[in-house]
Amino acid sequence: MDRRNFLSLGLMAPLALRVSQNVFAATEYKKEDTALSANYAKDASNPLTTLWQFPTQHVRQMMGYVLQTATGQTIVIDGGATGEAPYLVDFLKQECNGKVDAWFLTHAHIDHCGALAEICKKYPDALEIKDLYYNFPEQGWLDEHESGSKKATAFIFEGLAQFKGSYRKPEVNEVFQYGPLSIKCLNDLDSSLTMNAINNSSVTLRMDVGGSSLLFLGDLGYEGGDRLMDMQGENLCVDVCQMAHHGQQGVRRKFYELVKPKVTLWPTPDWLWRNDQGNRGDGSGPWKTCDTRIWSRELGVQKYYVAKDGLIKLTF
């Protein structure tokens with residue numbers, strides 16, 4: 001098995017259940033849940049967009065972000081696994097009046113799409129979601145190249161089939177404007193990338209608001225990262241970067257050398273941050289998170305925002 005696929009196949013669950021003594025957030029969102037916050041807006045008293053990075057509701061890795069503009073638009077990136085659904089729904093109701101203008105899915109893995117699939121299946125009327133954007137390979141292709149994910153893939157497709165809003169694929173270099181927030185799709189699906197197949201199908205997004213730039217990589221792998229560098233070059237240089245594949249064995253170091261981020265977002269639970277397999281101690285696991293942390297330090301990253309620390313709120 002390609003070790004870059006290991007986290008994505010759900011094989012981590014038996015180990016993870018023995019890993020962490022973390023206290024995870026309740027399924028109901030409370031405004032006091034925010035653990036860390038920072039203001040990066042040019043005018044600190046008048047931020048143009050708020051970004052939340054979500055904590056996990058269970059021990060597995062996941063990825064979920066919500067952005068809300070000063071003009072009232074709400075954008076969701078991924079959303080997390082099925083276990084995140086109740087918390088996410090509650091959060092969106094309280095902070096965003098239950099309305100989502102656009103929901104972007106990076107790739108067809110359950111720890112990124114499970115929450116939306118769960119919402120579509122179990123809470124179809126809980127939220128008002130206008131537009132959905134994703135560019136997934138066909139289900140047969142996914143099953144062929146990552147057979148261990150067949151059950152999870154089927155759940156995702158079953159859930160998304162019940163989505164009530166508008167759906168289409170984002171195009172390369174297409175720009176979506178939401179008030180002061182600009183979102184640009186940087187790549188498309190390359191079905192020839194069959195190594196680390198689903199991760200390498202990740203659609204990546206660049207966001208610009210108020211002079212700040214952010215890059216969302218999903219679970220992009222080595223091959224997909226190399227292709228993206230060829231496609232976009234210096235357009236990948238941003239202030240804030242979401243670390244690929246939860247910060248371990250995503251893109252190569254040379255990719256981050258091109259990006260040059262000063263702030264990094266890590267959708268990473270505590271055990272993965274420390275590379276702790278089954279409560280055996282820091283560095284006991286097979287994951288490469290610590291290598292990526294070393295790269296980040298050597299490349300001059302100034303701030304790390306990690307999902308293990310709880311709900312994080314940043315303004316721009």
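User: What makes two cysteines a disulfide here, and how far is Cys290 from the closest cysteine sulfur?

Analyst: A disulfide is a pair of cysteine sulfur atoms within 2.5 Å. In this predicted model, the sulfur of Cys290 lies 18 Å from that of Cys241, the closest cysteine sulfur, which is too far for a bond. For Cys120 the closest cysteine sulfur belongs to Cys113 at 11 Å, again too far, and a search of the whole structure finds 0 disulfides.

User: Why is Cys120 called buried or exposed, and what is Cys290 called?

Analyst: Buried means under 20% relative accessible area, exposed means over 50%, and partly exposed lies in between (1.4 Å probe, protein chains only). Cys120 has 6% relative accessibility and therefore counts as buried, whereas Cys290, with 27%, is partly exposed.

User: Why are strands E8 and E14 said to stand at the edges?

Analyst: Strands are DSSP runs of E with at least two residues, numbered from the N terminus, and two of them pair if DSSP finds at least two bridges between them. The open sheet of 7 strands runs E8-E9-E10-E11-E12-E13-E14 with mixed pairing. E8 (175-178) and E14 (303-306) each have a single partner strand, so one side of each is left without a neighbour in the sheet.

User: How do you know that E9 and E10 pair?

Analyst: E9 (residues 181-185) and E10 (residues 205-209) are joined in the antiparallel sense over 4 bridges, and the definition asks for at least two. Lys184 stands opposite Arg206 in E10.

Residues are numbered from 1 along each chain as its sequence is written. Local features need pLDDT of at least 70, side-chain atom pairs count only at pLDDT 80 or more, totals for chains, interfaces and linings use all residues, and side-chain values use heavy atoms, with hydrogens and water left out.
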